[in-house]
Amino acid sequence: MPANDPHDSTSPSPLLTLGHPLLRQVAQPVDAVEDPSVQRLIDRLLLAVQAANGVGIAAPQIGQPVQVVVIASRPNLRYPRAPLMPPTVLVNPRLVAASEDTELGWEGCLSVPGWRGRVPRHRTVEVDYLDRHGRPHRQVWEGFVARIFQHEADHLVGKLFLDHVRSETDRLSETAYQAMEISSLGK
Ligand code: NI
């Protein structure tokens, strides 16, 4: 990580988009969570995910190939039905268990603007991670939040949700997706 971070902490970092090679790189583990550069990176991720109406973000998306993600499900313009949770910082996350059963669900990605895809994910996951103070946690998530985790963990190994789309009918433009969402509201 560069010693001189060109981004201040008040304006959202630019997001890399599909085609940028850093999005396809495997991220490295963090060895010193308390390092000021890691703390600044975490602050930038928290700011970026909120500014972009995301529900999760991974460090490679702002150009840092290290194992830090934020999961921040909340109802917003892009995900009106997302459950509300406090933004959660995960450093060096490890999947320790996952349900055998999977479910299909729609996802987007701040690095793939304009597209949505329906992809299978484990319904529940159990995850080990460090928080931003370096304290270890083990957490079980299910449903949409488990989905977010799996999406963000993919970013740490250079994968994108598009890689999991299995058929043409499971890929929609954002416009077509929003139209489908609006027509299904109230059903
Ligand atoms: Ni993403």
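How far apart are the end C-alpha atoms of helix α2, and what should its 13 residues span at 1.5 Å a residue? The ends of α2 (residues 143–155) are 19 Å apart, and the expected span is 18 Å, so the two agree. Keep in mind that this is a predicted model.

**Helix α2 and the core**

Helix α2 is mostly covered, with 10 of its 13 residues buried. The buried set is a mixed bag: V145, A146, I148, F149 and A153 are in it, and so are R147, Q150, H151, E152 and H155. One of these, F149, also turns up among the residues with the most contacts inside the largest nonpolar core, alongside L45, I57, V69, V70 and I71. That core has 36 residues. At least two core residues come from each of α1, β1, β2, β3, β6 and α2. As a rule, nonpolar side chains in soluble globular proteins tend to be buried together.

I57 gives a good look at the core from the inside. Leaving out residues up to four places away in sequence, I57 touches L45, A48, V49, V69, V70 and L110.

**The sheet**

Now for the strands. Five of them make an open sheet in the order β1-β2-β3-β6-β7, with antiparallel pairing. β1 (56–58) and β7 are the edge strands; each has a single partner, so one side of each has no neighbour in the sheet. From one strand to the next, the twist averages 40 degrees. Helix α1 (residues 36–51) packs on this sheet, touching β1, β2 (68–71) and β3, and its direction makes about 35 degrees with that of β2.

Here is how the neighbouring strands are joined:

| Strand pair | Sense | Bridges |
|---|---|---|
| β1 and β2 | antiparallel | 3 bridges |
| β2 and β3 | antiparallel | 4 bridges |
| β3 and β6 | antiparallel | 5 bridges |
| β6 and β7 | antiparallel | 7 bridges |

You can follow individual partners across the sheet. A58 stands opposite V69 in β2, and V70 has V89 of β3 as its bridge partner. Further along, L95 is partnered with V127 in β6, and V127 in turn stands opposite Q139 in β7. T124 stands opposite E142, again in β7.

**Two strands, two kinds of faces**

Which residues of β2 are buried on one side, and which on the other? V68 and V70 are on one side and V69 and I71 on the other, and with all of them buried, both faces of β2 are covered. Strand β6 (residues 124–130) has a covered face made of V125, V127 and Y129, while T124, E126, D128 and L130 make up an uncovered one. So V127, the residue paired with L95, belongs to the covered face of β6, and T124, the one opposite E142, belongs to the uncovered face.

**Turns and loops**

The hairpin of β6 and β7 has 5 residues between the strands, and G134 there takes a positive phi near 85 degrees.

Elsewhere, E100 is found in the loop between β3 and β4 (102–107). Is E100 buried or exposed? E100 is exposed, because it has just 7 other C-beta atoms within 10 Å, and 12 or fewer counts as exposed. Measuring across the model from C-alpha to C-alpha, E100 and S167 are 22 Å apart in space and 67 residues apart in sequence.

Notes: Residues are numbered from 1 along each chain as its sequence is written. This is a predicted model: local features need pLDDT of at least 70, side-chain atom pairs count only at pLDDT 80 or more; totals for chains, interfaces and linings use all residues. A residue is buried if 20 or more other C-beta atoms lie within 10 Å of its own, exposed if 12 or fewer, and partly exposed in between; C-beta atoms are placed from the backbone. Two strands pair if DSSP finds at least two bridges between them. Axes are lines fitted to C-alpha atoms, for helices over the stretch in contact, and angles run from 0 to 180 degrees between N-to-C directions. Two residues are in contact if their C-beta atoms, placed from the backbone, lie within 7 Å. The expected span of a helix is 1.5 Å times one less than its number of residues. A nonpolar core is a set of buried Ala, Val, Leu, Ile, Met, Phe, Trp, Tyr and Cys residues joined through C-beta atoms within 7 Å.
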